[in-house]
Amino acid sequence: MRGPSQVQFWFIALVIGIAAGGAALGFRMAIEALQSALYGVEDTHRLHSYAETLAWYWILLMPVLGGLIVGLIMHRFTDDGRVRSVADVIEGAALNEGRVEHKAGLASAMASLITLSSGGSTGREGPVVHLAAIMSSWVSERIKANGITGRDLLGCAVAGAVAASFNAPIAGALFALEVVLRHFAVHAFAPITVAAVSGTIINRLQYGGVTEFSLPDSGGLAFYLEIPSFLILGLFCGLLAVLLMKAIFWSEDLATGLVQRTGMPRWLRPALAGLGLGGLAIFYPHVIGVGYETTSAALTGSLLLHEAIVFCALKCVAVAITVAGRMGGGMFSPSLMVGALAGLAFGMVATLLVPSLAGEETLYALAGMGAVAGAVLGAPISTTLIVFELTGDWQTGLAVMLAVSMSTALASRLVDRSFFLTQLERRNKHLAAGPQSYLLSAFSAAVLMRGKDSPNAASREACLDLIGQGVMLSPEATLEEALPEFEKWGHAFIPVAVPGAAGGEPQLLGALFHVDALRAYSRALAMTAAEEHS
């Protein structure tokens with residue numbers, strides 16, 4: 001009620017969309033300029049072709065130096081050395097009223113810029129999404145936006161960044177709603193659409209209205225009996241997406257364990273990852289960078305069967321090394337490349353087995369590209385539209401929709417909905433289960449408790465008696481921890497106390513009442529439902 005009026009808010013959404021689009025455009029141009037300077041290539045879309053002509057030590061050295069600089073940046077500007085990305089934006093939308101970290105976010109953007117410029121095998125969408133979220137967070141703080149307004153502004157920033165990054169306005173708007181806000185409320189749709197369109201215009205002022213990939217003329221589906229093969233392709237790509245995600249998480253755990261066991265400085269971790277990536281790139285330079293050249297080759301059928309299989313496997317390895325090494329970057333572009341290669345290989349096998357019923361191999365590559373990306377992002381709607389807008393081919397919608405829906409349905413059962421939500425689950429942020437789960441972690445005992453001197457406070461004697469029985473909560477305890485304690489002990493309240501030092505007496509702060517906890521939780525659920533259906 002104290003925030004901007006609707007007209008003012010739409011103007012702010014327009015400005016945020018333009019700013020996010022400018023940030024995405026600037027990030028892309030900075031990558032191209034730095035990549036050209038480091039590798040000496042004029043057309044960065046043909047990076048791996050040019051890298052094949054470079055000396056082996058140069059290909060090895062670039063990711064190592066990039067990783068070393070990234071490690072020093074993250075060590076200096078973050079507490080944990082972790083690069084912020086899309087998962088942190090989703091967390092900010094759900095748990096922090098649409099705000100994200102500023103200092104760590106800017107450091108992460110710089111780290112991702114260096115990673116992608118020096119050969120890191122990730123994408124640029126994750127960094128620009130978080131960079132745009134920093135802008136919307138700054139605006140939200142300036143206008144003192146409440147949770148709903150802050151989340152809407154965050155959605156506008158994400159939509160503008162994604163739309164500008166991929167020249168895909170429809171998908172940019174739906175990505176913000178489907179992946180970040182995770183609802184399709186009408187009140188958010190219009191300003192987010194305004195931001196997505198404005199971000200796209202910023203991109204087209206520089207690059208025009210051309211699509212990212214050019215496809216050969218497609219004859220569409222050869223015959224309706226071919227439809228089951230796209231269902232099978234979707235299941236295959238869903239499993240491949242799960243393997244890619246599991247490989248990344250396994251590599252992260254392995255790298256973290258190695259750092260802890262050896263006592264290695266954390267700033268050295270990205271440099272070691274760069275060493276592994278550079279060693280792989282000496283023999284297969286296709287794995288470095290965003291990978292648009294190899295993706296285009298797959299979509300045009302310019303690869304042999306064994307090349308598609310080998311490049312697909314090695315790209316998965318390279319992505320796992322880059323992400324596990326905390327070098328930075330996003331997951332969308334790598335999943336596009338992996339999906340296109342897997343789809344092409346699948347299509348080649350299908351046309352060999354049943355040549356009379358099979359269509360073009362490139363159609364399978366297109367469907368596979370969307371299927372793997374949709375499963376990784378957990379966003380079947382926006383991914384399908386991104387594939388259409390990246391390629392400009394609207395005639396193959398049936399095949400892409402089938403493959404994406406099947407892959408997403410399968411992968412979401414084997415991980416926590418998506419790569420980003422699984423990342424959050426591994427940090428004990430239970431967003432995948434919905435607001436009924438993650439809202440429990442949004443309230444702490446220190447906030448909801450009745451202090452010792454508050455009206456209707458619990459008696460000191462009763463609190464000390466419960467503490468003596470071992471029944472107490474720390475001030476940092478959330479409702480996720482507190483409600484099971486109420487169920488376990490059956491008390492009307494539980495003391496909140498700071499544990500005493502060296503076995504001393506705990507310091508009583510107050511008590512959390514069961515009715516207060518339930519009231520706060522119920523109110524939060526009602527507000528979330530109202531926001532999602534407004």
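Which helix does serine 333 lie in? The answer is helix H14, which covers residues 332-353. That makes a handy entry point into this structure, which is a predicted model.

**Around serine 333**

Let us stay with this residue for a moment. Serine 333 has a relative accessibility of 1%, so it counts as buried, the cut-off being under 20%. Which residues does serine 333 touch, once its neighbours within four places in sequence are set aside? Its contacts are Gly123, Arg124, Glu125, Phe166, Val290 and Tyr292. Threonine 78 offers a longer view across the chain: 255 residues separate it from serine 333 in sequence, and the distance between the two C-alpha atoms is 26 Å.

**The chain as a whole**

Stepping back, the protein chain holds 23 helices and 3 strands. Its radius of gyration is 25 Å, close to the 24 Å that the globule rule gives for 534 residues, so the chain is as compact as a globular protein of that length. Along the principal axes, the C-alpha atoms fill a box of roughly 80 × 50 × 45 Å.

How much of the chain is buried? Of the 534 residues, 57% fall into that class. Contacts tell us about the fold too: among those in the chain with a separation of 6 or more, 79% join residues that are 24 or more positions apart. On the outside, the chain exposes about 22,100 Å², and carbon and sulfur atoms supply 63% of that area. As for charge, there are 31 positive and 39 negative charges, and the mean positions of the two sets are 7 Å apart.

**A sheet of three strands**

The strands form an open sheet with the order S1-S3-S2 and antiparallel pairing. Strand S1 (450-451) and strand S2 (493-498) are the edge strands, each pairing on one side only. Strand S3 (residues 507-513) pairs with S2 over 6 bridges and with S1 over 2 bridges, in the antiparallel sense in each case.

If you would like to trace the pairing in the structure, here are some residues that stand opposite one another.

| Residue | Opposite residue in S3 |
|---|---|
| arginine 450 | alanine 511 |
| phenylalanine 493 | phenylalanine 513 |
| isoleucine 494 | leucine 512 |
| valine 498 | glutamine 507 |

Are S2 and S3 largely enclosed or largely open? In S2, 5 of the 6 residues are buried, so this strand is largely enclosed by the rest of the structure. In S3, 5 of the 7 residues are buried, so that strand is largely enclosed as well.

**Helix H18 and its surroundings**

Helix H18 (residues 419-426) is another element worth a visit. Of its 8 residues, 6 are buried, so the helix is largely enclosed by the rest of the structure. Which residues of H18 are they? They are Phe419, Phe420, Leu421, Thr422, Gln423 and Leu424.

Four helices receive these buried residues: helix H4 (86-95), helix H8 (169-181), helix H10 (227-262) and helix H15 (361-377). Just after H18 comes asparagine 428, with a positive phi of about 65°.

**Two more positive phi angles**

One of the helices packed against H18 also leads us to arginine 182. H8 is among the packing partners of H18, and arginine 182 is found in the loop between H8 and helix H9 (186-207). Although it is not a glycine, arginine 182 has a positive phi of about 65°. Its relative accessible area is 30%, so arginine 182 is partly exposed.

Asparagine 456 brings us back to the sheet, as this residue lies in the loop between S1 and helix H21 (460-468). Is asparagine 456 buried or exposed? With a relative accessible area of 66%, it is exposed. Asparagine 456 also has a positive phi, of about 60°, although it is not a glycine.

**Drawing the picture together**

To sum up, the chain combines 23 helices with 3 strands, and the strands make an open sheet in the order S1-S3-S2. Serine 333 is buried at 1% relative accessibility, whereas asparagine 456 is exposed at 66% and arginine 182 is partly exposed at 30%.

Note on methods. Residues are numbered from 1 along each chain as its sequence is written. This is a predicted model: local features need pLDDT of at least 70, side-chain atom pairs count only at pLDDT 80 or more; totals for chains, interfaces and linings use all residues. Side-chain values use heavy atoms; hydrogens and water are left out. The radius of gyration is taken over C-alpha atoms; the globule rule is 2.2 Å times the number of residues to the power 0.38. Buried means under 20% relative accessible area, exposed over 50%, partly exposed in between (1.4 Å probe, protein chains only). Contact means heavy atoms within 4.5 Å. Accessible areas come from the Shrake-Rupley method with a 1.4 Å probe; for residues, only the protein chains shown count as cover. Lys and Arg count as positive and Asp and Glu as negative; His and the chain ends are not counted. The place of a charge is taken as NZ of Lys, CZ of Arg, CG of Asp or CD of Glu. Two strands pair if DSSP finds at least two bridges between them.
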